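These are my notebook entries on a structure that I had not examined before. I set down what I looked up, entry by entry.

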Amino acid sequence: MTIDDAPREALRGGPRELLRWVATGAAVSRADLSRLSGLSPSTVSQRVEALINQGLLEEAGAGQSRGGRRPRQLAVPTGGAVVGAIDLGAHHARIGTLDLSGRVVQGRTLPVRIEDGPETVLGALLAEVTALASGGGAVSSGGADGASLASGGGAAGALRGVGIGIPGPVQHSTGRIVSPSRMPGWNGFDVAAFCADRVDVPVIVDNDANLMALGAHRTAHAEMDHAVYIKAGTGIGSGVISSGQLHRGAQGSAGDISHCRVVADPAPLCSCGNAGCLEAVASGAALVTALREQGVPVDDLTGVLRLIDDGDRHATALARQAGRAIGEILAVVVNFFNPQVVAIGGRLADCEPLLASMRATLYERCLPLATQTLLIERVATSQDIGITGAAHLVIDHVVAAHP
Ligand SMILES: [Zn+2]
């Protein structure tokens, strides 16, 4: 259940990085890998052979000849092996299969009732993922929304592992859920053990914000060593990339900003028992609650976002307040951690008033040196960002397991 936490320096030209360079097209040959890594051709050859033997790389015909023998081209296999991924949300789960480069092969969105409990929900989602991986299509035919074949073709292939994201705190060493705020019946549930009884491949469990951070980092900011990703949807959380690696801290709770206190008057009560937590002020769920308390009839976050789009005064003011609250906490994070990029994702990332006040607060409260070259941006909107992160959890694990 652990992944390789070796420092970045040790990974320069390590198997994971070689694989990534081939997967992203930065390298197509051993010579490219040698040039990018600074490693000797013989060291690169050894590492490439090991990756080929593990089925993580393959040779794909001849490359461009510059006279003499044509170099053999390297590629990440697209048909041989897949990784399963589950990104569990409050009402929906995105599941999929991805190839070993982290490209989505198949993706589906399924409705979920968290209150049905972990055995029912995870049992069904695992069955769907293994069915996708075996090329058998969906287990359930009803209710699938947005089912798609992302890149055409079947997904059949050997399943190498399953990555799972949970919308609540996960103890990394055990894969156990600890005190989630909106998941009744899930507290203390051992996701990893439950899944290990059902599939005989590695299962890696993490929280949804870490998945988004890893997915966004590997696809948009892979060359940046220090990054912070905020996931602002129904709940609110963040994932931290430090020295190119997901930083989990001692227990796995690093980046969990949901119960940091912000200035709010009145300070709304939080599900954790305290008042004025970021989650109780700035999450999608908090906006729904606050609007209802003001007598505005609204069903869910979709309704709130629609009101903001329509210029509703109450909803817009709340979104600005939420942006300020996120900006306050983020300013502490930026001053403390000095990232190169701060990116916001989740459904609230499309909310302009929230984004504008978050950005303004961040500039107002941060040290000039911390913001001088800081990029503040949206996570590229994709429903597959979470399953991409989940797949990279597994890919990293597979690569780390075969040094
Ligand atoms: Zn709280």
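**Entry 1. The zinc ion.** I looked up the protein donors of the zinc ion in this predicted model. They are ND1 of His-259 and the SG atoms of Cys-270, Cys-272 and Cys-277, at 2.0 to 2.3 Å from the ion. I then asked which geometry the site of the zinc ion has. The angles among the four donor atoms run from 101 to 118°, and the site is tetrahedral. For reference, I noted that the ideal angle for four tetrahedral donors is 109.5 degrees.

I also traced the donors of the zinc ion along the chain, where their spacing reads H-x10-C-x1-C-x4-C. His-259 and Cys-270 are 11 residues apart, and I found both in the loop between β13 (245–246) and α8 (278–282).

**Entry 2. The backbone around β13.** In the loop between β13 and α8 I also located Pro-266. The peptide bond that leads from Asp-265 to Pro-266 is cis, and its omega is near 0°. I next turned to the loop between β12 (236–242) and β13, where Ser-243 is found. Ser-243 has a phi near 50°, which is a positive value in a residue other than glycine.

**Entry 3. Helices α2 and α3.** I looked up how helix α2 (residues 15–23) is placed against helix α3 (residues 30–37). Their axes come within 11 Å and cross at roughly 120°. An angle of 65 to 115 degrees would count as roughly perpendicular and one over 145 as roughly antiparallel, so α2 and α3 are oblique to each other. I recorded the crossing of α2 and α3 as right-handed.

Which residues meet between α2 and α3? On the α2 side I listed Leu-18, Trp-21 and Val-22, and on the α3 side Leu-33, Leu-36 and Ser-37. Five residues of this contact are nonpolar, one is polar and none is charged.

**Entry 4. Helices α9 and α10.** I examined helix α9 (residues 284–293) and helix α10 (residues 301–309), whose axes lie 9 Å apart at an angle of about 70°. The angle falls in the range of 65 to 115 degrees, and α9 and α10 are therefore roughly perpendicular to each other. From α9, the contact takes in Gly-284, Leu-287, Val-288 and Leu-291; from α10, Leu-301, Val-304 and Leu-307. I noted six nonpolar residues, one polar and no charged in the contact of α9 with α10.

**Entry 5. Helices α11 and α12.** Lastly, I looked up helix α11 (residues 313–337) and helix α12 (residues 352–365). These helices pack at about 35°, and their axes are 7 Å apart. The crossing of α11 and α12 is right-handed. How many charged residues does the contact of α11 with α12 have? I recorded four, together with 10 nonpolar and six polar residues.

Terms used. Residues numbered from 1 in each chain as written. Predicted model: local features only at pLDDT ≥ 70, side-chain atom pairs only at ≥ 80, totals over all residues. Heavy atoms only, no water. Axes fitted to C-alpha atoms, helices over the stretch in contact; angles between N-to-C directions. Helix = DSSP H or I, 4+ residues; strand = E, 2+ residues; numbered from the N terminus. Parallel < 35°, antiparallel > 145°, perpendicular 65-115°, else oblique. Left-handed = near helix turned anticlockwise from the far one by under 90°. Contact = heavy atoms within 4.5 Å. Nonpolar A, V, L, I, M, F, W, Y, C, P; charged D, E, K, R; others polar. Donors = N, O, S within 2.8 Å, 3.2 Å for Na, K, Ca; no water. Tetrahedral: all angles 85-135°; square planar, octahedral: opposite > 155°, others 65-115°.
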